[in-house]
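This briefing covers charged and aromatic side-chain contacts in one protein structure. Please keep the structure open while reading.

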Amino acid sequence: MTTALGNIQSNLMMNNINNIDNATYSGNIILEHFNIGAFLNKKDLGKVSLNLDVDGKGFKQKYLNTTFSGNIYKLQYKGYDYSKIIVDGNFKDPIFKGKVFINDPNLFMDFDGLVNLGKKDIAYNFHTKIDYANLRNLKLVTKDTISVFKGDIKMNVSGNDLDNLVGDININETSYQNNKDTYYFDDFTINSSFDSDLLRTITINSPDIIEGKVVGKFKVNQLKKMLENSFGSLYANYNPNKIIKGQFLKFDFAIYNKIIEVFYPGNIGKNTVFKGNINSDNDEFKLNFNSPEIDAYSNSFHNLAIKIDNKNPLYNTYIQLDSIKTKYYKVNDFSLINVTTKDTLFLRSEFKGGNASQDYYNLNLYHTINKEGKSVVGIKKSELKFKDYLWFLNENEDIKNKIVFDKALKNFSIEDVVMSHENQKIELMGQLKDLAYKDLKLDFENVEINKILPTVEKFKLDGSLNGSVSLKQLNTIYQPTSSIRIDDFSINNIALGSLNLDIEGDDSFKKFNLNSVLENENVESFSANGEIEIVNNTTSLDLDLNLESFNLGILSPLGGEVISNIRGFASGKSNIRGEINDLDINGRLFVNKAGLKIPYLNTDYNIEDNAVVDVTESKFLIRNATLKDTKYNTEGKLNGSIEHKNFSDWKLDLNINSNRFLALDTKDSEDAAYFGTAFIDGYATIKGPTNALFIKVNAKSEKGTSMKIPISDKEVIGSNSNFHFKTFDEKYNLNTEKKIPVRNYQGLELEFDFDINPNAEVEVILDRNSGHGMKGKGFGSLLFKINTLGKFNMWGDFQAYEGTYNFKYGGLINKKFDIKKGGTVVWEGDPMKAILNLDAVYKTTANPSVLLDNSTFNRKVDLEVVIGLKGNLSNPDPDFNINFPNLSPILRSQIQTKLDDKDFRQKQALILLSTGGFLAVDGIDQTSITNNLYEKFGDVFGNIFKDDESKISVGVNIVSANRNPGAQTDGRVGVTVSTKINERISINGKLGVQ
């Protein structure tokens, strides 16, 4: 049979059909897509398809008394189609008793027991085991994206409302899974009982959720009114709620965190307890609440204690917290206490605020009820120390400074709430009536904005604020307006002029007209005009911006320690349109007198005047602008973009190309890994956020480049000597790659890929104090890398074309060697572990007679001292050789025979370099000592007459006469003068007397 509710097939034996309400039936019934909800007038139920054997009487719910068993193939309940259900039971309105087995994809459940579905009486006596219930898919839970329940539930409760419900609920072996975690609960029991005096006890016991009990005589729906009467009893004008007398309850609970984790984004710390009592006859209310920690919705409260006793003569309420942490503000050492005097409840609260507890608050409030029965919250003189400035609320103890509102919290009157500091004042006033009327006004008078605005990272705002903001509403018509002016407005101590901001909204409170002008010396350096619209909780803009010589110096802090001295002036136009999170920005700016500095490189650059900067929704685009360094006037072409996200999170993507451009100009410092001046022919890129830039240079050296690499490992260079010969232990440390402390660099990542040519001079400084080191010109390729982990690495090789090695030893030797062409230095990561393969030559004259067997030879000859530098840069292993280019082969052979001994050769080389002569069998003679002293005097004299830029130098050369028998020579004195007029012209001179 087809009906409006669905298809019905039946095979029934029916009796007493004429009395349909008492008709009996027995047989089989099949329903297909039958609207059981409409039939039973149940909105939560929908269509059903089933095949049941039935035996009973009655067809209307009121008269049903039926036994049934069979299959329910589909049943719609709250929008979900349940399937695979087996039932076997009896329904006699309003009680179902029987068994139900569900094998739905989202619900595996067995049920056995009784349920009273009536509206008057409550009766549940059943046992159900739920192996799996996906509450999300069953549309019973919408908050969690994952919601799976498992558990074993036994319930036996009865009554006709919540006030007389008795029985037990037991939940065992329970688990709940949501998108955060899976939670397991031990036994959970609830018991409600009454004794012979009708004293009710509700006991809750779960070691994971809550433990405790409530004891008393009370009506559940009157608990709120009892609380209101308890607080209202403090005031003579309070009109109490009508409640049944003789009600009271005591409660004592311990709360655990798991239940909070399941249902809310937070937790409650262990050992959280609350207890107290309420009495309707004497309106008594007491509460003690203590919790070590409460976290909820990204807010946390630490060591919270609340004590309430409305009958305590000393205080009624006391609240104390160690700290309150939110996303926006942090509060420490919070306390609040209140007492009641002559129908007025006085409150005092003290606390500290800010990340470093730098703010201080001392608030004095009161609450009373006036003759009209309205609540009055007033402000007595209070202190607020914010950003190190002391503000007052109601500084003059005015009788106003209060808010009056009715019991329904619908009508409010704000009477001149004033906050002041010196001659500055902020005043709030107005009225709110229900939801249909508002008239609010906020006035500012001489308010210095840096004293009230939160600290904005990298921006310091100053200025004097005057004006007002108002909002009026009558039913659906709104009149929002704002007219404020900031005089002496400045950002980061850069004066910008006076800022005027006028906003006027339409009567729908959805569209606002904005007109803002920044005037500086009668010139509108900035203006913004257009509309702001709010539709479906989304803010949209349509603004035209104009800039005229707007000072870009306010942006300098955005560079942090990486980019500084951002400067210049911008002019142009731009339009901002679209939703606030997806703005479409188009415009073009022209910059003048612009520039910036990169402190790490010690380079400062100007940008050509009238350089074009195009503005888009998230970028400032720079195309082919000329960049010029301010010291040497080298130039490069700048291209790229400056990206932002809603004018925050700034990032650079810039490229510089040049055939000669200053890329480095640093001086020596204690922790300098390298320094000097570098001019490049190539390109450089600057990328990344402004506080962590990555600078990459790929270029070859240009004229004027001078790179210096200091080696300052104190373990391998002693303080008493400028050159150190390795001991066995030191060689061991080197072979085992003993680690050298890493320098620390932060905020910048630099990759310097540099092709070296004879335009560049490379110097390795072995000792800053003495000047011991080597420098030269040549060819090679060097790669410097400094990462954000603070490690400095260096790779590449350098082949010397020409150069010098300044050799100093023991404070006695100070000689300048010429480096032989073809020597190499190779770096493979650690700059202190470069591999040397160099030969350096020092040319001089000396008498080699003490080295000859032939005593008739007695004159000075030309000779060369050669140092071979091999091995690790920070601890090289030198090898000395002495050459006699003009001696006869026979004499050279005699000398070489003795110099073949390395120790003897090294000793003679050092003596020769320190004294100017060879070591005789009887030791060092007086002439050698005198010559060494003369040489040291010459060095000192030369340093006195040498200027810092090496434009002029004067030297003295003194050699004493040798009076030793058989080796006599004359003494001599020489003066040298050298001056450099310019890069191409220099004058050198020498004067000598023998």
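Lys696 has a relative accessibility of 28% and counts as partly exposed, given that buried means under 20% relative accessible area, exposed over 50%, and partly exposed in between (1.4 Å probe, protein chains only). The model is predicted: local features need pLDDT of at least 70, side-chain atom pairs count only at pLDDT 80 or more, and totals for chains, interfaces and linings use all residues. Residues are numbered from 1 along each chain as its sequence is written, and side-chain values use heavy atoms, with hydrogens and water left out.

**Salt bridges**

- The count of salt bridges comes to 22, where a salt bridge is a side-chain nitrogen of Lys or Arg within 4 Å of a carboxyl oxygen of Asp or Glu.
- Lys696 is bridged to Glu751, with the closest N and O atoms 3.8 Å apart.
- Glu751 belongs to strand S47 (residues 748–756) and Lys696 to strand S45 (residues 693–701), so this pair ties together parts that are 55 residues apart in sequence; strands here are DSSP runs (E, at least two residues), numbered from the N terminus.
- Glu751 is buried, at a relative accessible area of 17%.
- Lys870 and Asp839 form another salt bridge, in which the closest N and O atoms are 3.9 Å apart.
- Because Lys870 sits in strand S54 (residues 861–872) and Asp839 in strand S53 (residues 835–846), the pair ties together parts that are 31 residues apart in sequence.
- Both ends of that bridge are partly exposed: Lys870 has a relative accessible area of 34%, and Asp839 has 28%.
- Glu422, Glu448 and Lys451 are joined into one network by salt bridges that share partners.
- Between Arg623 and Asp614 the closest N and O atoms of the salt bridge are 2.4 Å apart.
- Arg623 is exposed at 52% relative accessibility, whereas Asp614 is buried at 12%.

**Surface charge**

- A patch of negative charge on the surface gathers Glu579, Asp582, Asp584 and Glu617.
- Such a patch is made of residues with over 30% relative accessible area and no salt bridge, with like charges joined within 9 Å.
- Asp and Glu count as negative, while His and the chain ends are not counted; the place of a charge is taken as CG of Asp or CD of Glu.
- One member of the patch, Asp584, is found in strand S38 (residues 582–598) and is partly exposed, with a relative accessible area of 39%.

**Aromatic contacts**

- Across the whole structure, 25 aromatic pairs are found; rings of Phe, Tyr and Trp (its six-membered ring) pair if their centres lie within 6.5 Å, and planes under 30 degrees apart count as stacked, over 60 as edge-to-face and the rest as tilted.
- The ring centres of Phe111 and Phe126 are 5.1 Å apart and their planes are at 35 degrees, so the pair is tilted.
- This pair links distant parts of the chain, with Phe111 in strand S7 (residues 107–116) and Phe126 in strand S8 (residues 122–134), 15 residues apart.
- Phe111 is buried at 11% relative accessibility, and Phe126 is buried at 15%.
- Phe817 and Tyr842 form a tilted pair as well, at 5.5 Å centre to centre and 40 degrees between the planes.
- Phe817 in strand S51 (residues 813–819) and Tyr842 in strand S53 are 25 residues apart, and their pair links distant parts of the chain.
- Phe817 is buried at 0% relative accessibility, and Tyr842 is buried at 17%.
- Phe111 and Phe126 also belong to one aromatic cluster with Phe68, Phe96 and Tyr124.

Technical notes: Patches are made of residues with over 30% relative accessible area and no salt bridge: like charges are joined within 9 Å, nonpolar side chains (Val, Leu, Ile, Met, Phe, Trp, Tyr) within 5 Å. Accessible areas come from the Shrake-Rupley method with a 1.4 Å probe; for residues, only the protein chains shown count as cover. Helices (H or I, at least four residues) and strands (E, at least two) are DSSP runs, numbered from the N terminus.
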